[in-house]
Amino acid sequence: MSKDSAVDMKDVELNELDLEKQPMTAGEVGSGGTEKNGCVKVKVPEEADVKFTGLSKEELMKVAGTPGWVRTRWVLLVLFWLGWLGMLAGAIVIIIQAPRCKPLPKMDWWNEGPIYQVWDVEAYAGAAGLAGLEEKLDSLSQLKVKGLVLGPLHTVQADQPETLDFKSLAPEMGTEQQFENFVGKAHKKGISVVLDVTPNYSGNKPWFNADDVAGTAEKLKEAIPYWIQVGVDGIQVAGFEQVVSEAPAMWENVKEIVQANRTEGEKSRAVIGVTENTSAIDVAALLEGSGVDLLLSGVLKPGQAGSVRAEAIQQLYGSHNQTSLGWSLGSRTEGHLASLVGSKLVRLYQLLLFTLPGTPVFSYGDEIGLVGQNTPYPKMLWDPAEPVEEKNETLKSEREQRLSFRSFFKTLSDLRGKERSLLHGDFLPLHNDTTSLAFLRQWDQSERFIAAVNWGTGPATLRLVSSDLPAEATVKLSTDPDKLVPESSVNLDQLVLEGQQGVLLQFPFAA
């Protein structure tokens, strides 16, 4: 092959390659007037749309009348009704076999949480009086306080009934308008306000001498409508057994005025009585004859044997509804909780008061273990919310203790408000001796709780054995978490409590 022929053959091959690389656009003419080779478009004819029209009426009637379709319809109808009746029967069986819920008892605001007493507003909130007290409402709300008892705030000179004026606030407290504003803001926080109207609160006898009782009660009767108009939710009276016995008719009038709003759906006002009587029999009689809504007594007074306390608690609970029982340690005349029992037993008595059947009542500062230092009205100690650096080890330790007491108090208050067994459950004694006490709180199908305390100095072994109890229970809260660790399990047939130790145990309801 000649050289020229070889060149021609190469050109042919290159032209063929160029044509293969060009897009195939058959049938189209380029801008240069030449046809371009490429992909060949093939038009596929569209299939005819197929529509499903179903059966016509005539066809449907023909099918519906066939024996096979009639039998099928009857079978489906029977299966539907059998299934429906089966579900209905199953629901009825479940409802019948399911345990019925126990109806909740009627409770008023003074049964729903702790009551907090502030005898001296200046000692609690500072020189600002009612204005300073208003700033402390958030702190009380955090503790789940439901009732705040103030005062007495009225003016009187000790043992001089002629100077008594229930309608006038002591000048250092503030104005009546400030008091009304304070009551309104307390209500917004869910805190009811009770006014202590003990007449001769700074004198020898709460109601002066016997000859003065009727006249004093008459003055109180005239003043109560005024304070109700201001917005107070009740009154508290110390030593009221004196007026109950010496002027019973006048006491009935006072009580009726306070309790006059007992209508459906309206917030009730409370009459709270305070007595220093320690006899369960006398306290029960006073509760029965006075008609008070809540009675605070000296039944739990320190120094009594555990068996005596257990018997008194059982006697009061057995003869009266727990909604009328108030439990407290300390008062305006006796002092604070820590002053009476010592700092080591503050948590133990907090646990006891919160778990007994009734309303726990505390004095201001009991949540932090406040101790009266040669004064019945020690100044409240307020620690900053945020931790601060404290170089003095003594002051640092005291602050940590106050915060620990308050945290324990708050935990108990939260728990009591949430758990029905603690709020209004039945009370069953399990153990008592001279230094220790244990009891069960239970309600319907709710969680069960066992409170056990040992206020003695030595260890105590409690054998809690009953058909209503499991072999073990869980530690919910302990005054000494290093030895009785929360969430750990303990044997109830041999529960060992160290000296001055208390524990709250929990176990589930078993059908």
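**Exercise 1. The largest pocket**

Determine what volume the largest pocket has in this predicted model, and which residues lie closest to its centre.

*Solution.* Step 1: a probe the size of a water molecule, rolled over the atoms, shows where empty space is left. Step 2: for the largest pocket, that space amounts to about 530 Å³. Step 3: its lining consists of 32 residues, and A238, V274, E276, S331 and T333 are the closest to the centre. Step 4: sorted by class, the lining of the largest pocket comprises 14 polar, 11 nonpolar and seven charged residues.

**Exercise 2. The second largest pocket**

State the volume of the second largest pocket, and identify which element gives the most residues to its lining.

*Solution.* Step 1: the volume of the second largest pocket is about 380 Å³. Step 2: 17 residues line this pocket, and those nearest its centre are S139, Q142, W382, D383 and R406. Step 3: two elements give two or more residues to the lining, namely helix 6 (137-142) and helix 15 (393-418). Step 4: helix 15 gives the most, with four residues. Step 5: by class, the lining of the second largest pocket holds seven nonpolar, seven charged and three polar residues.

**Exercise 3. The length of helix 12**

Compare the expected span of helix 12 (residues 306-319) with the distance between its end C-alpha atoms.

*Solution.* Step 1: helix 12 has 14 residues, and the expected span is 1.5 Å times one less than that number. Step 2: helix 12 should therefore span 20 Å. Step 3: the end C-alpha atoms of helix 12 are 20 Å apart, which agrees with the expected span.

**Exercise 4. The two sides of helix 12**

Establish which residues of helix 12 are buried, how they are arranged around the axis, and what covers them.

*Solution.* Step 1: taking buried as under 20% relative accessible area, the buried residues of helix 12 are G306, R309, A310, A312, I313, L316 and Y317. Step 2: these residues lie on the same side of helix 12, because they cover an arc of only 165 degrees around the axis. Step 3: in general, an α-helix has 3.6 residues a turn, so residues three or four places apart point the same way. Step 4: E311 and G318, on the other side of helix 12, are exposed. Step 5: the cover over the buried residues of helix 12 includes helix 11 (280-290), helix 14 (346-355), strand 9 (325-327), strand 11 (426-432) and strand 12 (436-442).

**Exercise 5. The whole chain**

Give the number of helices and strands in the protein chain, and the percentage of its residues that count as buried.

*Solution.* Step 1: the protein chain contains 16 helices and 18 strands. Step 2: of its 511 residues, 43% count as buried. Step 3: among contacts between residues at least 6 apart in sequence, 68% join residues at least 24 apart.

Key. Residues are numbered from 1 along each chain as its sequence is written. This is a predicted model: local features need pLDDT of at least 70, side-chain atom pairs count only at pLDDT 80 or more; totals for chains, interfaces and linings use all residues. Side-chain values use heavy atoms; hydrogens and water are left out. On a 1 Å grid over the protein atoms alone, a cavity is a set of points where a 1.4 Å probe fits but cannot get out, and a pocket is an open set with protein on both sides within 12 Å along at least five of seven lines; lining residues have an atom within 4 Å of a point. Grid points are joined across faces, edges and corners, and a volume is the space filled by probe spheres set on the points. Ala, Val, Leu, Ile, Met, Phe, Trp, Tyr, Cys and Pro count as nonpolar, Asp, Glu, Lys and Arg as charged, and the others, Gly among them, as polar. Buried means under 20% relative accessible area, exposed over 50%, partly exposed in between (1.4 Å probe, protein chains only). The arc is that of the directions from the helix axis to the C-beta atoms. Contact means heavy atoms within 4.5 Å.
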